[in-house]
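Colleague: I have this model open in front of me and would love a close look at one part of it. Could you take me through it slowly, as you would at the bench?

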Amino acid sequence: MTNVRYRTIWISDVHLGTRECEAEALLAFLDRHDCDYLYLVGDIVDFWRLRHVPYWPQVHSDVIRKVLSKARSGTVVTLIPGNHDEYLRRFCDLQLGNLMVTKEAVHRTADGRLLLVLHGDEFDVVTRYHRWVLWLSDASYAALVTANRWLNRARRALGFGHWSLAGSIKRRVPPAMSFVHAFEAAVVREAARRRVAGVVCGHVHVAALHDAGPLVYANTGDWVESCTTLVEHHDGRLEMLVASGTRRAAAIVTARAAARVADDAEQIA
Ligand SMILES: [Mn+2]
């Protein structure tokens with residue numbers, strides 16, 4: 001089976017080093033998809049959690065090895081550290097062969113649009129001013145994801161579909177109050193200020209690909225629950241892919257499903 005090749009692949013919020021990371025699904029995805037440019041848009045390794053609860057199965061190393069092997073075979077890999085891997089920020093502007101570490105990047109699409117690529121935590125007022133709130137939300141988020149995973153295992157065993165606890169909570173929160181909407185507005189404002197055509201970010205674990213006024217807003221989602229990837233086709237067209245969020249799967253479904261999953265994704269970065 002030949003691999004599907006895209007011009008660009010963006011992934012973020014993988015959180016290697018945590019039990020919630022869907023590393024098998026990501027490895028399967030990376031195995032079957034090639035690209036000219038690969039952007040790792042932050043929170044790839046979760047150093048915060050590694051410090052407290054060391055967890056590192058072989059497959060987490062395999063993901064890193066897979067990325068390096070892509071770099072070796074010609075993919076230009078850009079690593080943009082996030083807040084959970086801010087440790088890597090000290091290596092910003094370092095270039096090692098095809099691997100580049102940078103705080104942010106500007107990507108030019110095949111059809112000539114400039115996209116600002118950044119993780120986005122600097123636009124999140126919670127992480128900026130209240131680190132303890134984040135620590136708390138981090139712990140409760142992990143508990144929530146674990147509870148949801150067990151619930152979905154039971155649902156699958158009984159023949160029901162996937163259900164997101166956090167997604168269900170999110171739908172009850174009026175959009176105007178949403179932290180995710182405030183984040184998006186701040187990131188889009190910055191992109192407009194820089195006079196680029198759009199922005200690609202991560203951080204909030206809510207996949208998105210839509211117009212925001214004259215700009216494009218894209219959020220890569222995560223590989224903790226939603227297992228989403230933003231890709232650029234060879235003509236410059238952007239698309240959101242979803243690998244179904246189980247440990248076995250890497251089945252790609254349509255962009256319509258992406259919108260549904262984005263709606264189900266978590267709010268907490
Ligand atoms: Mn983050």
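Colleague: Let us start with α1: which residues of this helix are buried?

Modeller: Happy to help, and please keep in mind that this is a predicted model. The buried residues of α1 are Ala-23, Ala-25, Leu-26, Phe-29 and Leu-30. Looking down the axis of α1, you would find these buried residues within an arc of 160 degrees, so they line one face of the helix. As for what covers the buried residues of α1, the list includes β2, α3, β11 and β12 (residues 238–243).

Let me stay with α3 for a moment, since it is a partner of α1. Helix α3 has 15 residues, 58–72, and at 1.5 Å a residue it should span 21 Å; its end C-alpha atoms are 21 Å apart, so expectation and model agree. In this helix, His-60, Val-63, Val-67 and Lys-70 are the buried residues. Seen down the axis of α3, they fall within an arc of 80 degrees, so here too the buried residues line one face of the helix. There is a simple rule behind such a pattern: an α-helix has 3.6 residues a turn, so residues three or four places apart point the same way. Turn to the other side of α3 and you meet exposed residues, namely Gln-58, Ser-61, Arg-65, Ser-69 and Arg-72. The buried residues of α3 pack against α1 (23–32), β2 (33–40) and β3 (76–79). Just after α3, Gly-74 takes a positive phi of about 115 degrees.

Now for how the two helices meet. Two packed helices are described by the angle between their axes and the distance between the axes. For α1 and α3, the axes come within 9 Å and cross at roughly 25 degrees. Angles under 35 degrees count as roughly parallel, and that makes α1 roughly parallel to α3. Their crossing is left-handed. If you would like to pick out the contact on your screen, select Ala-23, Glu-24, Leu-26, Leu-27 and Leu-30 in α1; these meet Val-59, His-60, Asp-62, Val-63 and Lys-66 in α3.

One pair in that contact is handy for finding your way. Glu-24 is in helix α1, and with 17 C-beta neighbours inside 10 Å it counts as partly exposed. Glu-24 and His-60 are 36 residues apart in sequence, yet their C-alpha atoms are 8.3 Å apart in space. His-60 is itself one of the buried residues of α3.

The strands that help cover α1 lead us further along the chain. Both β11 and β12 are among the elements covering its buried residues, and the loop between these two strands holds Gly-236. Gly-236 has 14 C-beta neighbours inside 10 Å and therefore counts as partly exposed. Leaving aside residues up to four places away in sequence, Gly-236 touches Thr-109, Ala-110, Asp-111 and Arg-113. From Gly-236 to Gly-112 the C-alpha distance is 7.9 Å, although 124 residues separate them in sequence.

On the other side of β11 in sequence is another loop, between β10 (215–219) and β11 (228–232), and Cys-227 lies in it. Cys-227 is worth a click: its phi is positive, about 55 degrees, although it is not a glycine. Cys-227 is also buried, with 25 other C-beta atoms within 10 Å. A second case is His-203, a residue other than glycine with a positive phi near 75 degrees. His-203 lies in the loop between β8 (198–201) and β9 (208–212), and it is buried, with 28 other C-beta atoms within 10 Å.

Finally, here is the wider setting. The protein chain comes to eight helices and 13 strands, and of its 269 residues 40% count as buried. Of the contacts in the chain with a separation of 6 or more, 67% are between residues 24 or more positions apart. The pairing of Glu-24 with His-60, 36 residues apart in sequence, gives you a place to begin exploring.

Definitions and conventions. Residues numbered from 1 in each chain as written. Predicted model: local features only at pLDDT ≥ 70, side-chain atom pairs only at ≥ 80, totals over all residues. Helix = DSSP H or I, 4+ residues; strand = E, 2+ residues; numbered from the N terminus. Expected span 1.5 Å × (residues − 1). Buried ≥ 20, exposed ≤ 12 C-beta atoms within 10 Å, placed from the backbone. Arc of directions from axis to C-beta. Contact = placed C-beta atoms within 7 Å. Axes fitted to C-alpha atoms, helices over the stretch in contact; angles between N-to-C directions. Parallel < 35°, antiparallel > 145°, perpendicular 65-115°, else oblique. Left-handed = near helix turned anticlockwise from the far one by under 90°.
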